[in-house]
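Good morning, and thank you for coming. I should like to take you through one model, from its overall dimensions down to a single helix.

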Amino acid sequence: MTLALDKRNRACARLLADVHAVTATEGITPSTLHALKRKLVALAAKAELFPRADFEMPLAQGRSHPLLVEDGDGHGLYLTIGLPGKEAAPHDHGIWCINAAVSGRERHKIFRRTDNGAVAGKATVQQVGEVLVAPGTGMAMADHDIHSTVVEGDEPAIGLALYGYALARFPSVAWYHPQFGSVRASVSRRHAAPS
Ligand SMILES: [Fe+2]
């Protein structure tokens, strides 16, 4: 095992232990998400733990490398890579997440849904904020926050992402298409979760 891998594994285990220490008593709230984000930003600042050579670049767009995926229905911590220009339309993960940059820049726009959901497949969203996730910064999202992303500049955006559930057990993700006033949900992977 390389030194970076050994140190990285221990740092990731410590982060998850810290996360559980906070959430066991306080739960997941806007303020705990911000506290967790600060811990993830501190981990991402240790760039020597995440050498480029240890993580294959995506062939196109983006790629997520598992760092620590908890058993059962636990959390999932990933190193994410987005190539320059990678974009994601506004979407709602259905589960909380926090992000922090190791290198590169990714712009997140935050939206709110403005219709009442009365018409199936239709939705309108309005931009209500913007965060540039670059080294030293991160962002936190509650279960149903809506964001879009774009990787800016010539460098890949490399970051850490902690999700409430592992990607393999993700709930349905709602994708919004503002230009069409529509919404479409991806298939939930929650059936993989224990009941
Ligand atoms: Fe997302």
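A compact globule of 195 residues would have a radius of gyration near 16 Å, and the protein has 17 Å, so the two agree. Please bear in mind that this is a predicted model. Along its principal axes, the C-alpha trace spans about 55 × 40 × 30 Å. Of the 195 residues, 33% count as buried.

Turning to the secondary structure, we have 2 helices and 11 strands. From the N terminus on, their order is α-α-β-β-β-β-β-β-β-β-β-β-β. As for contacts between residues at least 6 apart in sequence, 75% of them join residues at least 24 apart.

Let me now concentrate on helix α2, residues 30-44. At 1.5 Å a residue, its 15 residues should span 21 Å, and the C-alpha atoms at its ends are indeed 21 Å apart, so expectation and model agree.

Which residues of α2 are buried? They are Leu33, Leu36, Lys37, Leu40, Val41, Leu43 and Ala44. Around the helix axis these residues cover an arc of only 155 degrees, which means that they lie on the same side of α2. The general background is familiar: an α-helix has 3.6 residues a turn, so residues three or four places apart point the same way.

What, then, covers the buried residues of α2? The covering elements include the helix α1, at 3-26. Strands also contribute, among them β4 at 97-103, β7 at 138-141 and β9 at 157-163.

Key
Residues numbered from 1 in each chain as written. Predicted model: local features only at pLDDT ≥ 70, side-chain atom pairs only at ≥ 80, totals over all residues. Helix = DSSP H or I, 4+ residues; strand = E, 2+ residues; numbered from the N terminus. Expected span 1.5 Å × (residues − 1). Buried ≥ 20, exposed ≤ 12 C-beta atoms within 10 Å, placed from the backbone. Arc of directions from axis to C-beta. Contact = placed C-beta atoms within 7 Å. Rg over C-alpha atoms; globule rule 2.2 N^0.38 Å.
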